[in-house]
Structures are given as C-alpha cells and as structure tokens.
Amino acid sequence: MKKGTLKQILLITDGCSNKGEDPAATAALAHQQGITVNVIGILDDDQTEDPEGLQEVEDIALSGGGVSQLVYKQALSQTVQMVTKQAMTQTLQGFVNTELKQILGSEQSMEDLEPEKRGEIMEVVEDLGETCDLEVLVLIDTSASMNDKLPTVKEALIDLSISLNSRIGRNRFSIYSFPGKRKDIDKVFDWSPKLDAVSTVFPKLTSGGITPTGPAIREAMYQFGKKSLLRSFRKNDEQDIENA
C-alpha cells in the first residue's frame, strides 16, 4: 500500500448551522474528494446535551467519513488530539480494507481474518499512521456564542501541534474561521507544519451572530485543491528555470 496524504477538516462549533446549505450534504461532498470531516461540538459548562446540536454534529461527521465528539470546554485539548488520531486510524483502516478486498475478493474484510493476521494488519495501520503525511484544516465557528471558548480552542490547537510533531510523517495545518467578514470563511493561519505561532493570529478572530456551517465546509474543501494547484505551479516554474 503506497503512502499518501491524509486530509482532514476539523470543525469546532458550539451550535447548529442556521444559514446556507445542509452541512451534512457538504461534508459528504468533501468525503467524495478524499477529505475526512471531523466535528467537535463544545458544550457550555451548565449545558446538558442539546439533541438538535448533537444530531447535527453526528450527521456531519457520519456523512464526512469522520469522527464526532461532544465535549465540555475544559476537556477540549485531549478531545482535539483524540479525534484527529482516531480519524487517521479510521481512514487508514478503510484504505487497508479496500486493498484487502482487491487481494482476497469483495466478500472478505479485515474482521473476517484470523486474530493473528488481523493483528499484523493493525500494526501496518499504526505504522502508516506514523509515517503518512497529514493535512488538517481547522474550521472554527466564531459565531457570538463561541466568544468565551476561543482561548480554550487556541490552547487545544497548540497542544495538537505538539502531540503530532513526534510523528515521522509531515504535518501541515491551516486555520479558517466562519462566518467570514465578507465571505463564508476567513483565513486565519496559512498552511504551516507547526501551530506554535497561533497565539499571534487568534486575536484576529471576532465573533458574529450567524452559523453558515454548510457553506463554510464547502469553502474549506476548496482550500486543499488550491494548495495542490499552487504547489504544482511552483514545481513547473522551478522546472522551467532549470531547463532555461
């Protein structure tokens, strides 16, 4: 199995979308493009789980092939790390299952193998989790109710960067917020291997009233394509210079 790049959108929100297209449908579209959509729903300290919010968080992650988790603010840091890593394992297991079906036939999956063989394959999945490249676009809901949660989000993202830096594979992160000032999303932090500098950009985040989650996921999906396109342009330019 060849090593590739795992692409994730990590959506951090505290409420239901209330503007634009269905976010679950948009997450499904992202998944078709090879991008996993994970969702963390932040609850207020005095809040019992809101069934409507809970349902949307689950629906988006299910459609996006990702992991969802509802969490109180104080446990956000561990949850961000857990969801990111769990989604990597889930995606890699899916790849391995597809490869196995090509080798063993469509009737067999990893669960059908004897325990020893299954253990060997899980070792391969763990190894791939350490060595494959990972790109995470963090999409932060900055609607008005998120205002007091943003400092905790910032700390959680710095912890995520530190926890993933021990991997052999390359990590790249970017951060976008929604709703944007003039667009559905605003770029807060461009693609970078570390989130250490995130403290300097977080003061830029301002909260607004609406939550256009569907359009925000759609715009976030396009950022992966733009990045690949720019990289290929740069390679072509370098090649032209060498040839000249």
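Right after helix H1 comes Gly 34, with a positive phi near 85°. That's a handy way into this predicted model, a chain with seven helices and six strands. Reading from the N terminus, the elements go β-α-β-α-β-α-α-β-α-β-β-α-α. Of the 244 residues, 47% count as buried.

**Helix H1**

- H1 covers residues 23-32, and its buried residues are Pro 23, Ala 24, Thr 26, Ala 27 and Ala 30.
- Those residues sit on the same side of H1, because they span an arc of only 160° around the axis.
- As background, an α-helix has 3.6 residues a turn, so residues three or four places apart point the same way.
- At the N-terminal end, Asp 22 does the capping: one of its side-chain oxygens is 3.1 Å from the backbone nitrogen of Ala 24.

**Strand S5 and its neighbours**

- Strand S5 (residues 171-178) has eight of its eight residues buried, so the rest of the structure largely encloses it.
- Asn 171, Phe 173, Ile 175 and Ser 177 point one way from S5, while Arg 172, Ser 174, Tyr 176 and Phe 178 point the other way; all of them are buried.
- S5 runs parallel to strand S4 (residues 133-141), and eight bridges join the two.
- In that pairing, Leu 137 is found opposite Ser 174 of S5.
- Add helix H5 (residues 150-164), and S4, H5 and S5 form a right-handed β-α-β unit.
- S5 also pairs with strand S6 (residues 186-192), this time antiparallel and through four bridges.
- Tyr 176 has Lys 187 as its bridge partner in S6.

**Nonpolar cores**

- The largest nonpolar core has 37 residues, and the ones touching the most other members are Ile 12, Leu 76, Val 80, Ile 140, Val 153, Leu 157 and Ile 175.
- Leaving aside residues up to four places away in sequence, Leu 76 touches Ile 40, Ile 42, Val 71, Thr 152, Val 153 and Ala 156.
- There's also a second, separate core of 23 residues, with Val 37, Val 57, Ala 61 and Phe 178 among them.
- S5 turns up in both cores: Ile 175 belongs to the largest one, and Phe 178 to the second.
- More generally, nonpolar side chains tend to be buried together in soluble globular proteins.

**Contacts along the chain**

- Take the contacts between residues at least 6 apart in sequence: 77% of them join residues at least 24 apart.

Note on methods. Residues numbered from 1 in each chain as written. Predicted model: local features only at pLDDT ≥ 70, side-chain atom pairs only at ≥ 80, totals over all residues. Heavy atoms only, no water. Buried < 20%, exposed > 50% of the residue type's maximum accessible area, 1.4 Å probe, protein only. Pairing = 2+ DSSP bridges. Right-handed = clockwise from strand over helix to strand, strands pointing away. Arc of directions from axis to C-beta. Polar contact = N/O pair within 3.5 Å; in protein donor to acceptor, adjacent residues only side chain to side chain. Core = buried A, V, L, I, M, F, W, Y, C linked by side-chain atoms within 4.5 Å. Contact = heavy atoms within 4.5 Å.
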